[in-house]
Every structure is written in structure tokens, then in C-alpha cells.
Amino acid sequence: ATGYGLKVRVNGNSTNVMTIDRSGDATFAGTLDTAGNITATTASTTQIEIETSAGSTNTQLLFRNPTYTQDLYMDAVGDFHIYKSAANQFTFKQNGNVGIGTSSPSRKLHVALDGGTIPTEGVSGTTGIIINNNSAVSDDVAMALISGTSGQGEIRFGDQDDENRGV
């Protein structure tokens, strides 16, 4: 379908605040507030697209209730963040690295408990998971594996052909 089915302008403004084309696609300029639900239904893939204009740095989606606000956003380089209380809670980098408590994960999984830096000794390019809490001299870090009453918690070490392994 080509052409427009409906154009809405406000107070003689030359800018359309809402356009609905003949196929039913709607475009809004400005903020869309609704007291009810917004439903997207299609026969195949349902998609909600949020696009920023040129020069904008973040694309954001806010979730709010009377007490809390969660902010999901994609930054200018395409990394995805979940943001709350003035800090990145989770970061998903374009290279596949995931950060919890850090916006710059340097490995596939990087958990930063209280800031600090990653030491260079003992950490190589093959290190897949980092858990750090070294922003102060006495900071501890622990990993707990807790099983059920009849189970057991294990960390297994080995290689792909089971020649070098241990628990």
C-alpha cells in the first residue's frame, strides 16, 4: 500500500504528530502516552523497534512502577545494558562478554563485586570467568556451590580428552 490513510497535525503545525498509512502502519512524532495497553500482533514475528535519530547516543526502554525504575539501553557502540540506581547492573558487549556489576567486562563472564581492577598475573587471554572484589586490601571474594541435602557441589577441572582432570 502506498500513500497515507490519515495524517494528524496539531494547532496548524506543519509537522505530522501521527501518520497512519493505508496498510495500517502508524508513525508518531513525539511522546506516545497511553493509559491502557499497546498490543502488537502479526501473523509471524512481532517486533517492537526503538530507533534514535542521528547523533543520539543511547536507545532506551524504561520500565517503571511507583517504586522502581529499570532502564534497558543500547549505547552508542551497540553494547546492551540493564541500568538501575545510577549503575550498570548487567552489560552485554558486542563481542559476547557479559558483565555483572561492571560496564566493561573483559572476559565471557566478569562479575565485579566491588569495583577494583583485574590483576594481570594469573589471568590470561584464555581465562573465561573472572570474579573480582579487590578495590580494598581486605576485600574477600568467594564462590559457593550449594547442593540439595543428598547431592554434592563440585568444580571439575580437565581437558577435552579427559587425560588431565580433577575435582
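Asp71 has Tyr83 in β6 as its bridge partner. The model is predicted. The protein chain has 12 strands and zero helices. Seven of the strands build an open sheet, and its pairing is mixed. The points below start with the strand pair around Asp71 and then widen to the sheet and the chain.

**Pairing of β5 and β6**
- Strand β6 covers residues 80-84 and pairs with β5 over four bridges.
- The sense of this pairing is antiparallel.
- Within β6, Tyr83 is the residue bridged to Asp71.
- β5 and β6 form a hairpin with five residues between the strands.
- Gly78 belongs to this hairpin and takes a positive phi near 90°.

**Pairing of β4 and β5**
- Strand β4 spans residues 59-64, and strand β5 spans residues 69-74.
- Six bridges join β4 to β5, and the two strands run antiparallel.
- Thr59 stands opposite Met74, a residue of β5.
- This pair is a hairpin too, with four residues between β4 and β5.

**The sheet**
- The strand order is β4-β5-β6-β7-β8-β9-β10.
- The sheet is open, and its pairing is mixed.
- β4 and β10 (129-132) stand at the edges with a single partner strand each, so each has one side without a neighbour in the sheet.
- On average, neighbouring strands of this sheet are turned by 15° against each other, with direction ignored.

**The whole chain**
- Along the sequence, the pattern reads β-β-β-β-β-β-β-β-β-β-β-β.
- The protein chain has 167 residues, and 14% of them are buried.
- Buried here means under 20% relative accessible area.
- The exposed area of the protein chain is about 13100 Å².
- Carbon and sulfur atoms supply 50% of that exposed area.

**Contacts along the sequence**
- The contacts counted here have a separation of 6 or more.
- Of these contacts in the protein chain, 2% come from residues 24 or more positions apart.

Technical notes
Residues are numbered from 1 along each chain as its sequence is written. This is a predicted model: local features need pLDDT of at least 70, side-chain atom pairs count only at pLDDT 80 or more; totals for chains, interfaces and linings use all residues. Side-chain values use heavy atoms; hydrogens and water are left out. Buried means under 20% relative accessible area, exposed over 50%, partly exposed in between (1.4 Å probe, protein chains only). Contact means heavy atoms within 4.5 Å. Accessible areas come from the Shrake-Rupley method with a 1.4 Å probe; for residues, only the protein chains shown count as cover. Two strands pair if DSSP finds at least two bridges between them. Axes are lines fitted to C-alpha atoms, for helices over the stretch in contact, and angles run from 0 to 180 degrees between N-to-C directions.
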